[in-house]
Amino acid sequence: MVPFSLSAAQRSLELAQEAIYAGRYAQAIQLSTDALDLLDSLPPSPEREALRYSLLLERGRARVLTGDYEALSDFQRVREESPDPAQRTEALVGLADCHNGLGEYGLAEEEYRLAEQEAVVGNQDLNLIRAWTGLGNLYWKQGHVEDAIRILRQARLRLQRTPDVYELGRVMINLGIAHDFAGQLDQAIEAYEEALKCFRALGNDHRAAAVLNNVGELFQELRDLERALSYHEEAAKLADQVGANRIAVDVTRNIGVDLLLLGRYSEAMMCLHQALARAREMRDKDLVLQALFSLGDAYLRQGEAQRALAIASELAAEAAAVGSELHQARAKWLQGRAHLAQGERALAQQVLQEALGNAHALPSRWLLWQLHATLGRATDDPQLAQVHFQIAADFIQQICDALTDPNLRALFISQPEVRAVLQRINET
């Protein structure tokens with residue numbers, strides 16, 4: 001048996017890094033863990049300790065990418081013990097990524113901001129890009145889409161100076177989500193296409209599955225349901241092949257929504273309940289929030305307003321706990337629609353007005369037109385109702401203006417909910 005050596009540990013580190021870029025996260029974790037276990041057999045030296053911290057960082061990154069936020073312990077050790085400023089800053093980004101995933105958004109933002117400062121002082125481009133990517137991800141989760149787009153564009157620009165295909169892919173998938181939330185669908189598709197190109201160039205099916213899932217969700221929003229389901233089934237297949245458990249949860253949720261909108265209710269509810277249960281097992285707050293909204297929406301679309309209200313209350317409490325204005329607004333929109341379905345118009349108007357307060361601070365054209373359209377239906381005063389329908393139509397027009405692709409524009413306009421708003425405006 002060949003004795004373990006520093007060069008062997010270095011090779012294990014390089015292989016773990018390659019595995020992360022290729023999306024083989026379980027392999028990266030195993031390589032790092034095996035090398036860490038063997039390092040103690042080597043005599044103490046600064047080189048040994050530097051390798052130990054590098055291996056902890058790679059293992060931590062791989063664990064986060066699988067949704068294992070126990071990676072905190074790896075990053076904490078490097079942050080507390082490493083004498084290398086770049087390693088300590090990288091560990092701080094890792095800590096922020098964990099707290100972001102766990103829904104501790106305030107703490108995550110503080111850590112990303114501190115990492116940003118340290119990276120600027122230390123001229124650490126890659127750590128700066130990772131901190132900005134983390135902030136962009138955090139901002140779109142909270143609904144601060146303009147802030148997300150701004151900082152992700154900063155990261156993309158900095159990558160021209162420090163090219164890294166993997167990090168570019170991460171920036172572009174987050175930028176795609178932010179553009180989608182903003183109602184800038186053309187730009188969202190362009191960003192997703194660039195992200196997919198990056199991950200396929202690396203052979204990273206794990207991240208490619210995430211991009212395909214998001215593209216499918218965009219077509220779901222446009223109600224091109226057959227195309228959405230096709231993307232989601234491809235994403236599910238890839239996620240299953242590579243053991244991408246975290247991505248598989250959201251793909252399952254999206255397939256549930258596709259099936260719901262196609263009228264396949266029993267299959268849809270099975271998927272949505274499964275997605276929520278698995279999201280809770282993983283303790284991933286964003287996945288839980290999205291699954292709760294989709295489940296509540298599903299109950300409402302099937303006429304079960306009381307069950308939808310119960311889910312909406314749970315969603316509101318979870319969203320308030322993590323400080324997500326986006327999900328607070330979505331919870332109130334769900335509550336307002338449920339009250340309206342039960343004939344409680346005054347309650348519906350009150351909750352929907354509160355939702356507008358959350359939504360206008362975001363802003364998300366997509367959510368805003370839907371809120372105003374629902375308020376138009378809930379309002380007893382015909383003139384005030386018409387004002388809400390007109391505002392909804394204005395936001396719809398803004399989304400259309402941003403769609404340079406005529407096919408996408410036609411898809412968006414053909415949605416029954418959109419047509420109902422425009423017809424109401426045309427009639428007057």
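**Close-ups of a predicted model**

**View A. Helix 5 passes helix 7 in a left-handed crossing.** This is a predicted model, so read the close-ups with that in mind. The pair shown here is helix 5, residues 85-101, and helix 7, residues 125-142. Their axes come within 10 Å and cross at roughly 15°. With angles under 35 degrees counted as roughly parallel, helix 5 and helix 7 are therefore roughly parallel to each other.

**View B. Here are the side-by-side residues of helix 5 and helix 7 that make the contact.** Helix 5 brings Ala86, Thr89, Glu90, Val93, Asp97, Asn100 and Gly101. From helix 7 come Asn127, Arg130, Ala131, Gly134, Asn137, Leu138 and Lys141. Sorted by type, the residues of this contact are four nonpolar, six polar and four charged.

**View C. Helix 8 and helix 9 pack at an angle of about 155°.** Helix 8 covers residues 145-159, helix 9 covers residues 165-182, and their axes sit 9 Å apart. Since angles over 145 degrees count as roughly antiparallel, that angle makes helix 8 roughly antiparallel to helix 9. The crossing of these two helices is left-handed.

**View D. Now for the residues where helix 8 meets helix 9.** On the helix 8 side, look for Val145, Ala148, Ile149, Leu152, Arg153, Ala155, Arg156 and Leu159. They meet Glu167, Leu168, Val171, Met172, Asn174, Leu175, Ala178, His179, Phe181 and Ala182 of helix 9. The tally for this contact is 13 nonpolar, two polar and three charged residues.

**View E. Phe4 sits in the segment before helix 1.** Helix 1 itself spans 6-21. Leaving aside residues up to four places away in sequence, Phe4 touches Ala9, Ala35, Leu38, Leu39, Ser41 and Leu42. Take Ser41 as one of these partners: Phe4 and Ser41 are 37 residues apart in sequence, yet C-alpha to C-alpha they are 7.8 Å apart in space.

**View F. Two cysteines, Cys271 and Cys400, round off the set.** Cys271 has 13% relative accessibility, and Cys400 has 6%. Buried means under 20%, so Cys271 counts as buried, and so does Cys400. If you're hunting for disulfides, the structure holds zero of them.

Terms used. Residues numbered from 1 in each chain as written. Predicted model: local features only at pLDDT ≥ 70, side-chain atom pairs only at ≥ 80, totals over all residues. Heavy atoms only, no water. Disulfide = S-S within 2.5 Å. Buried < 20%, exposed > 50% of the residue type's maximum accessible area, 1.4 Å probe, protein only. Axes fitted to C-alpha atoms, helices over the stretch in contact; angles between N-to-C directions. Helix = DSSP H or I, 4+ residues; strand = E, 2+ residues; numbered from the N terminus. Parallel < 35°, antiparallel > 145°, perpendicular 65-115°, else oblique. Left-handed = near helix turned anticlockwise from the far one by under 90°. Contact = heavy atoms within 4.5 Å. Nonpolar A, V, L, I, M, F, W, Y, C, P; charged D, E, K, R; others polar.
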